[in-house]
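Reader: I'm new to this one, so please pick out a single chain and walk me through it up close. Plain words are fine, as long as you explain the terms on the way.

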Amino acid sequence: MSFPVWRGVAAALLLAFATAASGHSASDATTPSDGAVLDAPPEEIRIRFDQPIRVTMVRITDEAGNEYDVAYDRGAATKILIGRTESLASGAYTVEWRGLSTDGHTASGEFGFRVE
Amino acid sequence: MGIDGAMVAAVAIRAAGYLCALIAAGTAAFVGLAGRHGVSTRPMRRLAAGAALAGIALLALGVVRRAAFLGGGTLTAAMDPALLTLVLESPFGTAAAVRAAGLLAASALILERRGGDAIAWAGSLAIVASFALSGHVLGEPRWALAPLIMVHTAAVAWWLAALPGLWLVTRAAATPVAAGIVGGFGRRAQWVVAALVAAGGGMLVLLAGNVDALVRSSWGLLIGAKLLVVAGLIAIAAYNKLRLTPALASGDPAARHMLRRTIAAELGLGILILVLTATLTTTPPPGN
C-alpha cells in the first residue's frame, strides 16, 4: 500500500465517523416510562419511535422469567406501537421489543416498570 | 452494550460478508494490473470466486440470522416465513439480492476469459452498488449519499482485494515483475485513496449530526479502537511505500521477504478493521 500518511489518517477518521453516524430506529419514549411505579397494572403499553419501524416481537416478563401475552400489530410499520397486555399482578416487569427499521437495520430495546 | 453469542455471530457473519464481498469486487482490478505484467492470475481468480460463493452463503445466513433476531433469537423464528419475508422485503433484502447477483457474476473471473472478466466487472459494480441500498445511506440527501458510499466501497474493495495478490507476487514473481506490480499498485493507490477520502469526507459532512452523543457511548470506544488499528495499518503502508518498494526494485532480497510480512500484516489489520466496523453497524445505537 502506498500513499501519504496524512491521507491515510484522514481516511481513517472519515471512515470511522461515517460508520458511526448510521441512523437506526430508536425508541424515545415509552408508556409506562422506564422505571415507573404504577398503582394499578397497565392495560396497554406504548413505545414511540423516532422513525417508523416494523415491530416483530414484544415480550413482557416478570422477575421470575414468566412471560405475559401482548397483543399488537406485528410487522406493521409504525412510529407508535400500542400493545394490549393481560392483567399483571404486583411486581416488577421488563418489556423487550425488537423490530426492523425502514433503512433495513434491526433494532431492539427494553424498559421496566413496577406494579404496586 | 452487552456481548453475547448472538451478537458475536452477527458480527462474525457481517465481517466475513464484508470481506468476501470486497475481495470479490476488487479482484478484477488487480487481475488487470497483474495480468499486464505477465504473471499468472489464476490463484487470485480462484480466491475471488471462492470469496464470491462464500459471500452468497453468508448473505443467506445473514437473512436467517436477522429473522431469528427479530423473533426473539429462537430457531423457530429463524424459519418463520413471515419474518423471513419481512427481512427479504426490507432494504436489507434488496441489497442482499443485488449483492448476491453481483457475487455470482464476480465469480466469472474463474473462467479466465475476456467475456468472463467483463461479467465479473459488472458483478463488481453490482456489489458496490448494493452497499447504497440499505443502511444509513438511505437517509437524505440520498442523491449524494448513494454515490459517496459507492465510491467509498469501491476504493476499499480495490485496496483490500489487492493485498492477497501483492503477497503472492512478492513471494513468487521475478524481482523486476514484482517491483513493477508493487510500484504500479502504489501509484494508483494515491488516486484511489484520494477518492476514498473525498467520499468519506462527504459522508462525514452529511451524516455526522450526532457524533457528540456517539463518542460518549460504547460506540466511541469502538471507533477509537478502529482508529488505532487504521493508524497502524497506515504506518505499515507508508513503510512499504517509502522503504520496501524502492529496496525491492533495487534487488534487495531482504526487502522482498519483509514486504511479504508487512503485506500479510496489512491484510490482518484490514480484517480487524472490518470486524470493528461490523461491530459498529451491528450494535444497536445508544438510546435504543
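Author: Let's start with burial: a residue is buried if 20 or more other C-beta atoms lie within 10 Å of its own, exposed if 12 or fewer, and partly exposed in between, with C-beta atoms placed from the backbone. By that count, buried residues make up 49% of the 288 residues in chain B, and chain B is the part I'll stay with. Keep in mind that this is a predicted model: local features need pLDDT of at least 70 and side-chain atom pairs count only at pLDDT 80 or more, while totals for chains, interfaces and linings use all residues. As for names, residues are numbered from 1 along each chain as its sequence is written, and chains are lettered from A and ligands numbered from 1 in the order in which they are written.

First, the overall build. Chain B has eleven helices and zero strands (helices are DSSP runs of H or I with at least four residues, strands are runs of E with at least two, and both are numbered from the N terminus). Going along the sequence, you read α-α-α-α-α-α-α-α-α-α-α. The C-alpha trace of chain B spans about 60 × 45 × 35 Å along its principal axes. Chain B has a radius of gyration of 20 Å, which agrees with the value near 19 Å for a compact globule of 288 residues; the radius is taken over C-alpha atoms, and the globule rule is 2.2 Å times the number of residues to the power 0.38.

Now for who touches whom. Two residues are in contact if their C-beta atoms lie within 7 Å. Take the contacts in chain B between residues at least 6 apart in sequence: 74% of them join residues at least 24 apart.

That brings us to the inside. A nonpolar core is a set of buried Ala, Val, Leu, Ile, Met, Phe, Trp, Tyr and Cys residues joined through C-beta atoms within 7 Å. The largest one here has 115 residues, and Leu22(B), Ala24(B) and Ala106(B) have the most contacts inside it. Helix H1 of chain B, residues 5-36, gives the most to this core, with 17 residues. Look up Leu22(B) in the viewer: setting aside neighbours within four places in sequence, Leu22(B) is in contact with Val156(B), Ala157(B), Leu160(B) and Ala161(B).

Let's stay on H1(B) for a moment. The expected span of a helix is 1.5 Å times one less than its number of residues. For the 32 residues of H1(B) that gives 46 Å, and the end C-alpha atoms of H1(B) are 46 Å apart, so the two agree. Even so, H1(B) bends by about 40° at Thr27(B), where a bend is the angle between axes fitted to the seven residues ending at a residue and the seven starting there. After H1(B) comes Gly38(B), whose phi is positive, near 80°.

Next up is helix H7 of chain B, residues 142-172. H7(B) has 31 residues and reaches 45 Å from its first C-alpha to its last, close to the expected 45 Å. There's a kink in H7(B) too, about 30° at Leu163(B), and it lies shortly before the proline Pro164(B).

From there, hop over to helix H8 of chain B, residues 175-207, where you'll find Ala189(B). Ala189(B) counts as buried because it has 22 other C-beta atoms within 10 Å. Its C-alpha atom is 7.5 Å from that of Trp159(B), although the two residues are 30 apart along the chain.

One last stop, this time in a loop. Glu112(B) is found between helix H5 (91-106) and helix H6 (114-130) of chain B. Phi of Glu112(B) is near 55°, a positive value in a residue other than glycine. Glu112(B) has 15 other C-beta atoms within 10 Å, so it is partly exposed.

To pull the tour together: chain B is built from eleven helices with zero strands, H1(B) gives the most residues to the largest nonpolar core, and the bends to look for are at Thr27(B) in H1(B) and at Leu163(B) in H7(B).
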